[in-house]
Amino acid sequence: MQRGCVFALCISSAALAADPPHAGRARNGSEFQSADVRALQSDDFANPMALWVERGEASWSRAYNGRSCAGCHGDARKSMKGVAARYPRYDAGAGEVIDLSRRINGCVVGGLGARKLEAESDELLGLEAYIALQSRGMPVNVAIDGPAHATWEAGRELYFTRIGQLNLACTNCHDASWGKTLLAETISQGQPTGWPAYRLEWQRPGSLQRRLRACFNGVRAAMPAYGSHDLVALELYLAWRARGLPMEAPAVRR
Amino acid sequence: MLLGRIQVPPSVKRAAVFEVRVIVQHPMETGFRRDYEGRIIPLHIVQHLACTYGGREVFRVELGSGIAANPYFVFPVVASESGEMVVEWSDDRGESGSISAMVNVA
Amino acid sequence: MKRRAFLRLSTLTVAAGALPADAQEVRDIAPLIQAITHGATPEEGGIEIGLPPIAENGHSVPLTLKVASPMTQADHVRAIHVIAERNPRPAVATFHLGPWSGRAEVATRMRLAGTQKVTVVAVLSGDRFRIARKEVVVESGACLDEGSL
């Protein structure tokens, strides 16, 4: 594996094996957190995300203009089971690959006639956390064929491209160096299965897109805008890379 | 809306000591952090949280920015009569919240 | 003692500029302790401070406190004060208990601005005071992303 990864570091665009280097040893993000953080995540009362799940649950039944999520989708515990595990996905209505938060807004605006929910708002994160919870424990299972394929390829290319002043690609840390320590932290595999998550660094929950923007910031690269193609493409590639891993959203992260 | 959650055991024996768990959504902003444009984010904290049980105060905490965001507390109470447990809290901007749970004493 | 006076004493803050955790100085917390005990010397021990020896992140550190006490009307803990000597505001929280609590125990999550000693002072019925301390090593994240929102 070492020689293969050194070779991968030398090329900047993707012409690599289809299977991620960690295949067979895929590990969720919680395995790279401290014992305290893991304990917090698995405690359904103390996990701060429970506050946002409760908010999302309340939003689910709340009427906007006489309509509600529940009005079309019924009991989320049934209708949303497995849904988050299949995102990002190609959406015919949008004509492109979208993530779950964009799908939620599609319903909020189109189905309920309400105003779009802002990125990283309590309302949007609450709904996303509540819906993601219904996939907890289920394997990630995204489609990358057909109209989604070009987006997946763009995500894969970006994943292997060195960027920023630190000139690092995602793969340099999350394939070549996972399990090693960086200052006091253990580098994770960068699996997306815990998001939206409560990040102690932020003192609040955030989306996977916020976390990815933070990575761009971390290597001193310009951060792609929320909802940008770069971020959605990365989300799709990461979800494919995580295929089969059990969802653990809504998680707690340092 | 200041959201909070409370957890008490489903039922408790008279005179037994049971645990109450409370979590409140609040940023507990320290007043030392800066935003993306370098401006200080102002102080914003829950200062006071109290719990009554059957109308009588059984727990109180004065807190500040040294308590983590989304304050979480676990405290013990002796089970007396069945009754309502009410937790109220208030912050430095005059906002307050309240949650309650029924304590069933066997 | 009155809460307002306690908090006023605890405002040992520096000017409102950015305060990186590693630059925090140890404050002199003796006046804080004096204010709690009205000048009396607290007895050492009798308090279990549950804190991880190494906290991965200073933003949220789990804290448990246990004071040995029968919690009877005659002999109980009335209040527990938590002080963090390197925090910009060393007075972290004051918990009020009584015989109705059954046990002198409390748990919460606190913030620690860097490696430091946490001091806990318990106020008992009959004007008695106890004190205990625990050292916590606080680590910092490698990929900090303040401002990434």
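**Three chains in a predicted model**

Let me begin where two of the chains meet: the contact between chain C and chain A takes 15 residues from chain C and 18 residues from chain A. On the side of chain C that touches chain A, the residues divide by class into 6 nonpolar, 6 polar and 3 charged. Before I go on, please keep in mind that what we are looking at is a predicted model.

The second contact I would like to show is the one between chains B and C, which takes 25 residues from chain B and 30 residues from chain C. On the side of chain B that touches chain C, strand S4, residues 56-63, and strand S5, residues 72-78, each supply at least two residues, and the largest share, 7 residues, comes from S5(B). Sorted by class, this side of chain B has 17 nonpolar, 4 polar and 4 charged residues. There is also strand pairing between these two chains, since S4(B) is joined by 4 bridges to strand S6 of chain C, residues 91-96, and the two run antiparallel. If you want a place to look for that pairing, find Val61(B), which stands opposite Phe95(C) in S6(C).

Let me stay with chain C for a while. Its secondary structure comes to 2 helices and 9 strands, and if you read along the sequence you meet them in the pattern α-α-β-β-β-β-β-β-β-β-β. Of the 149 residues in chain C, 43% count as buried. When we take the contacts in chain C with a separation of 6 or more, 69% of them are between residues 24 or more positions apart.

Which strands of chain C pair with strand S9, residues 128-138? Strand S1, residues 43-44, is joined to S9(C) by 2 bridges and runs parallel to it, with Glu44(C) standing opposite Ile131(C). Strand S3, residues 54-55, also pairs with S9(C) in the parallel sense, over 2 bridges, and here the bridge partner of Ala55(C) is Val138(C). Strand S8, residues 116-124, pairs with S9(C) in the antiparallel sense over 9 bridges, and Val120(C) stands opposite Ala132(C) in that pairing. S8(C) and S9(C) form a hairpin with 3 residues between the strands, and in this hairpin Gly126(C) takes a positive phi near 75°.

Now to chain A, where I will start with a sheet. Three strands form an open sheet in the order S6-S5-S7, and the pairing in this sheet is mixed. Strand S6, residues 204-206, and strand S7, residues 251-253, stand at the edges with a single partner strand each, so one side of each is left without a neighbour in the sheet. From one strand to the next, the twist averages 35°. Strand S5 of chain A, residues 197-199, is joined to S7(A) by 3 bridges, and these two strands run parallel; within that pairing, Arg199(A) stands opposite Arg253(A).

S7 of chain A comes up again when we turn to helix H2 of chain A, residues 35-42, in which Asp36(A), Val37(A), Leu40(A) and Gln41(A) are buried. These four cover an arc of only 135° around the axis, which puts them on the same side of H2(A). As a reminder, an α-helix has 3.6 residues a turn, so residues three or four places apart point the same way. And what do the buried residues of H2(A) pack against? They pack against S7 of chain A together with strand S4 of chain C, residues 61-67.

Elsewhere in chain A, helix H8, residues 149-159, and helix H11, residues 229-241, pack at an angle of about 90°, with their axes 7 Å apart. The two helices are therefore roughly perpendicular to each other. The residues that meet include Trp152(A), Leu158(A) and Tyr159(A) in H8(A), and Val232(A), Tyr237(A) and Trp240(A) in H11(A). By class, this contact has 10 nonpolar, 2 polar and 2 charged residues.

I will finish with a single residue, Leu112(A), which lies in the loop between helix H6, residues 100-111, and helix H7, residues 122-133, of chain A. Is Leu112(A) buried or exposed? It has 18 C-beta neighbours inside 10 Å and therefore counts as partly exposed. Leaving aside its neighbours within four places in sequence, Leu112(A) is in contact with Tyr64(A), Asn65(A), Arg67(A) and Cys107(A). From Leu112(A) to Gly71(A), the separation is 41 residues in sequence and 9.8 Å in space, C-alpha to C-alpha.

Conventions: Residues numbered from 1 in each chain as written. Chains lettered and ligands numbered in written order. Predicted model: local features only at pLDDT ≥ 70, side-chain atom pairs only at ≥ 80, totals over all residues. Pairing = 2+ DSSP bridges. Axes fitted to C-alpha atoms, helices over the stretch in contact; angles between N-to-C directions. Parallel < 35°, antiparallel > 145°, perpendicular 65-115°, else oblique. Contact = placed C-beta atoms within 7 Å. Nonpolar A, V, L, I, M, F, W, Y, C, P; charged D, E, K, R; others polar. Buried ≥ 20, exposed ≤ 12 C-beta atoms within 10 Å, placed from the backbone. Arc of directions from axis to C-beta.
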